[in-house]
Amino acid sequence: MAEGIGDRFQAETKYARDKLPGGYLDWRKKPGTYKIYPDAQKVDLPPPLARGEMNIWEAIGRRRSVRDFRQTPLSAAELSQLLWASQGVTKIVGDYGLRSAPSAGALYPIETYLSVQLVEDIEPGIYHYDVRGHRLDQLRAGDLRAPVAEAALDQGFLAEAAVVFAWTAVFARSKWKYKERAYRYVYLDAGHIAQNVALAAVGLGLGSCQVAALYDDEVNVILGIDGKEESIVYMTAVGRP
């Protein structure tokens, strides 16, 4: 089989003993940890719960990919819980917020966006998750179910979901420290987050399906990001099975 860009990426981002990248960290150039939409309308969320009735072992055992959803809305409290599971702040250390999902170097390159489609008390549209404030920034109002599904390789079940999570990477946050190796960590970080959401969905009696088959640039346009400094890497559809 001919060598492709994936093969070259894997080879060129390997770590080898005595051949680690040199240099030092320039703290003056460290990218900011949080993306802010100062002019966006803010949507407050109910406070998340730190305890539930289902244990983690049962949630793991019951997790399945679900592609059939009832047209029954999620509550704002359920969406709040899913968001907290995805990247919610779980502990404050000084001025730093540790999150529910691990991140290489605690650099948190992943941003969470949502296509809210069927959630009580929250207008349909595209939103950004404000991690620090545990609230939503409304970026676009309106029913975006059809374009979201079309942008995900025309997979119709995304249009039937109550909410679609879209995770992007701000690459500079990781490249500041890890250089080209950062790209490996970015995708691992997104996977950690998606698994948290999958298990949280089970715990709430919901279903989810993770989606990596997508037209990158079409999703980027929907989210309003440039596709270069920040780009889509992963999605998850959530609804009532």
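**Exposure, rings and charges**

Me: Isoleucine 60 lies in helix 2 (residues 56–62), but why is isoleucine 60 called partly exposed?

Reply: This is a predicted model, in which local features need pLDDT of at least 70 and side-chain atom pairs count only at pLDDT 80 or more, while totals for chains, interfaces and linings use all residues. Residues are numbered from 1 along each chain as its sequence is written, and side-chain values use heavy atoms, leaving out hydrogens and water. A residue is buried under 20% relative accessible area, exposed over 50% and partly exposed in between (1.4 Å probe, protein chains only), so isoleucine 60, at 43%, counts as partly exposed. Helix 2 is a DSSP run, where helices (H or I) have at least four residues and strands (E) at least two, numbered from the N terminus.

Me: What makes aspartate 154 count as exposed?

Reply: The relative accessibility of aspartate 154 is 53%, which is over 50%, and therefore this residue counts as exposed. Aspartate 154 is found in the loop between helix 4 (145–151) and helix 5 (157–160), and its phi is positive, about 60 degrees, although it is not a glycine.

Me: Why is the pair of tyrosine 96 and tyrosine 108 called tilted?

Reply: The structure holds 6 aromatic pairs. Rings of Phe, Tyr and Trp (its six-membered ring) pair if their centres lie within 6.5 Å, and planes under 30 degrees apart count as stacked, over 60 as edge-to-face and the rest as tilted. Tyrosine 96 and tyrosine 108 have ring centres 6.3 Å apart and planes at 35 degrees, so this pair is tilted. The pair links distant parts of the chain, with tyrosine 96 in strand 3 (residues 96–99) and tyrosine 108 in the loop between strand 3 and strand 4 (110–116), 12 residues apart.

Me: How do you know whether tyrosine 108 is buried or exposed?

Reply: Tyrosine 108 has 6% relative accessibility, which is under 20%, so it counts as buried. Tyrosine 96, in contrast, is partly exposed, with a relative accessible area of 29%.

Me: Why is the pair of tryptophan 167 and tyrosine 234 also described as tilted?

Reply: The centres of tryptophan 167 and tyrosine 234 are 6.2 Å apart and the planes are at 55 degrees, neither under 30 nor over 60, and therefore the pair is tilted. Tryptophan 167 lies in strand 7 (residues 163–170) and tyrosine 234 in strand 9 (residues 230–239), so the pair ties together parts that are 67 residues apart in sequence.

Me: What makes the contact of aspartate 137 and lysine 42 a salt bridge?

Reply: A salt bridge is a side-chain nitrogen of Lys or Arg within 4 Å of a carboxyl oxygen of Asp or Glu, and the N to O distance of aspartate 137 and lysine 42 is 2.6 Å, so the two side chains meet this definition. Aspartate 137 belongs to strand 6 (residues 135–141) and lysine 42 to strand 1 (residues 41–44), 95 residues apart. Aspartate 137 is buried, with a relative accessible area of 1%, whereas lysine 42 is partly exposed at 30%.

Me: How do you know that lysine 175 and glutamate 180 form a salt bridge?

Reply: The closest N and O atoms of lysine 175 and glutamate 180 are 3.9 Å apart, which is within 4 Å, and so this pair counts as a salt bridge. A search of the whole structure finds 9 salt bridges.
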